[in-house]
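Please open the model in your viewer, with side chains available for display, and follow the stops below in order.

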Amino acid sequence: MSLDIKSFLKKIPPFSLLPDEEISHISQRAKLDYIPKDQTVIKQGEKVDSLFVVLKGSLSLKKNGNLVDILQEEDFIGDTSLIFNQPYQFDVKAVKDSILIIIPSQVFKGLLEKHPEFKEFFTKTTINKLTEGYKNIQSHLEDISITPINTFKLKKAVFCKDTDSITTIVKKMCDENLSYCLVGDRANLTGIITDKDLKDKVLAKALPPNTTTAGEIKTYPVETIQSDSFVFEAVLKMIKKNIKRLPVVEKGQVIGVIEDRDIFIHQSRNIVYLSNQIEMEDSIDNLRELYITVEDAIEPLFKTGKDIEILQKYIAEINDRFVKKAIQLALKEVEVDNFSFLVLGSEGRREQTINTDIDNSLVFLSGNRERFLQFGKKVIQILLQIGFPECEGKV
């Protein structure tokens, strides 16, 4: 990767909006700083005097010890503090060896004053960071995951008839700024049409929108969820069924729709957010921190009185992500292929509880048995380092 500041800034917004001579001026005033892995860049409550731009590597963003985000190339650090002249609200630490571009605050503030489009970019991102959705990301898993769906802000339930044309349906979706339209009525849901249906079933097949009807392309039966269910139950269902939205039913009536992107907007540590963080991590220390976070958050879920089978599936789903990550990391050290890694016992039955150990098995098509044993032992070693309890039976 090139470490030329000017070339890097020219390709990323909002610097890409600036005149070439302005970028040259910034480059002359800015400097590069190498941040070794595990070094702290900013402590929560500190004042910052520069805008940091991640040129290479990744850094963790934590609030009161809780992981909030992983910053990657082209992300900014310190912009909200500089704009509002307040202490930084997060701890920033290098997850990997990283390189930052450091732009002095005077230069950054000067750009905000001189270039409206530059200011607009940071104003919008700052507002996003300070909205409720961004504040909620700082909360624990239980804050959002055990929120009853009937207290969650739902999308509008918009309906059409089986006989309505695609043109009519698209207009309804556009008018309401929705990516779906329900077929039927609140008491009798007979189908759903999504933007994907329009693309795959109408556009791809060149069907005439004025004569093609809802009944011809709708998806049925429709997966729904009861309004007194928890948000994490909706997430689990979306993952299992590979769908993005669920009509919410209360007393036999559809009262709204919950979408995956609405949950993402809250950026809370739900199962999807945690899954993404686990997927991004390559550091066993950071994975262990995530595992501890899950442990701390799971216990309150059992106190809610909710269906124990749902909670066990929740835990098993998260643990699956850790196992997959352990396999990925082990493959970097011991190369094998044509195999299946099986989880047995409570994990395999999706009946995990807090601190349940994990039994497993390795099935391979062909190859050196000793090498596969070496690989299996490496996977288990990583899982133990992450925090999984050791199997008493040494399975």
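Begin by selecting strand β16, residues 359–364, where V363 lies; strands here are DSSP runs of E of at least two residues and helices are runs of H or I of at least four, both numbered from the N terminus. Before going further, note that this is a predicted model, in which local features need pLDDT of at least 70 and side-chain atom pairs count only at pLDDT 80 or more, whereas totals for chains, interfaces and linings use all residues. Residues are numbered from 1 along each chain as its sequence is written, and side-chain values use heavy atoms, with hydrogens and water left out.

V363 counts as partly exposed because its relative accessibility is 44% (buried means under 20% relative accessible area, exposed over 50%, and partly exposed in between, with a 1.4 Å probe and protein chains only). Add L342 and L344 to the selection, and you have the nonpolar surface patch that they form with V363, with about 220 Å² of accessible area together. Such patches are made of residues with over 30% relative accessible area and no salt bridge, nonpolar side chains (Val, Leu, Ile, Met, Phe, Trp, Tyr) being joined within 5 Å and like charges within 9 Å; the areas come from the Shrake-Rupley method with a 1.4 Å probe, and for residues only the protein chains shown count as cover.

Turn next to the charged pairs. The structure holds 17 salt bridges, each a side-chain nitrogen of Lys or Arg within 4 Å of a carboxyl oxygen of Asp or Glu. Select K114 and E22, which form one with their closest N and O atoms 3.0 Å apart. K114 lies in helix α4 (residues 105–114) and E22 in helix α2 (residues 20–29), so this pair ties together parts that are 92 residues apart in sequence. K114 counts as exposed at 54% relative accessibility, whereas E22 counts as buried at 9%.

Which residue forms a salt bridge with D282? Select K325, whose closest approach to D282 between N and O atoms is 3.5 Å. D282 lies in the loop between α13 (271–280) and α14 (284–302), and K325 in helix α15 (residues 308–333), so the pair ties together parts that are 43 residues apart in sequence. D282 is partly exposed at 32% relative accessibility, while K325 is buried, with a relative accessible area of 3%. To finish, add K96 and K332 to the view, since D282, K325 and these two lysines are linked in a network of salt bridges.
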